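Student: Could you take me through the largest pocket in this one, and what lines it? I'd like the cut-offs spelled out as you go.

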Amino acid sequence: MVAEPRDILMVLGIPAVLIAPDERIYAVNAPGEKLLGRNIEGRHFVTSLRQPVLLDTIEQVQRDGQWRETRYLTNDGQHDITFRVSCGAVPM
């Protein structure tokens with residue numbers, strides 16, 4: 001049995017998002033929903049991620065398929081938090 005990309009995402013213990021070729025969020029795991037909010041599947045990634053540095057990185061990966069790292073900045077209500085984000089192309 002071959003696992004689907006969505007299935008692999010669901011077992012990761014870190015926030016993870018899979019963006020489809022049509023630029024919509026195809027899947028998000030539970031830690032990703034906690035960070036980014038519920039009901040983001042099916043939305044265009046720009047409307048959910050909304051940080052220029054992250055969006056630029058995703059768009060570069062979409063163009064050339066090269067693996068990149070960037071950051072995602074957020075706040076938990078008390079502290080600023082910086083996540084290191086890895087972006088890469090996954091065959092779907």
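Tutor: Sure, and let's start with the frame around it. The protein has four helices and four strands, where helices are DSSP runs of H or I with at least four residues and strands are E runs of at least two, numbered from the N terminus. Along the sequence they come as α-β-β-α-α-α-β-β. This is a predicted model, so local features need pLDDT of at least 70 and side-chain atom pairs pLDDT 80 or more, while totals for chains, interfaces and linings use all residues. Residues are numbered from 1 along each chain as its sequence is written, and side-chain values use heavy atoms, leaving out hydrogens and water.

Now the pocket: on a 1 Å grid over the protein atoms alone, it's an open set of points where a 1.4 Å probe fits, with protein on both sides within 12 Å along at least five of seven lines. The largest one holds about 1,000 Å³, counted as the space filled by probe spheres set on points joined across faces, edges and corners. Its lining has 30 residues, and Val17, Leu18, Ser86, Cys87 and Gly88 lie nearest the centre; lining means having an atom within 4 Å of a point. Two or more lining residues come from each of α1 (5-11), β1 (17-19), α2 (30-36), α4 (52-64) and β4 (80-87), with β4 giving the most, five residues. By class, the lining has 26 nonpolar, three polar and one charged residues; Ala, Val, Leu, Ile, Met, Phe, Trp, Tyr, Cys and Pro count as nonpolar, Asp, Glu, Lys and Arg as charged, and the others, Gly among them, as polar.
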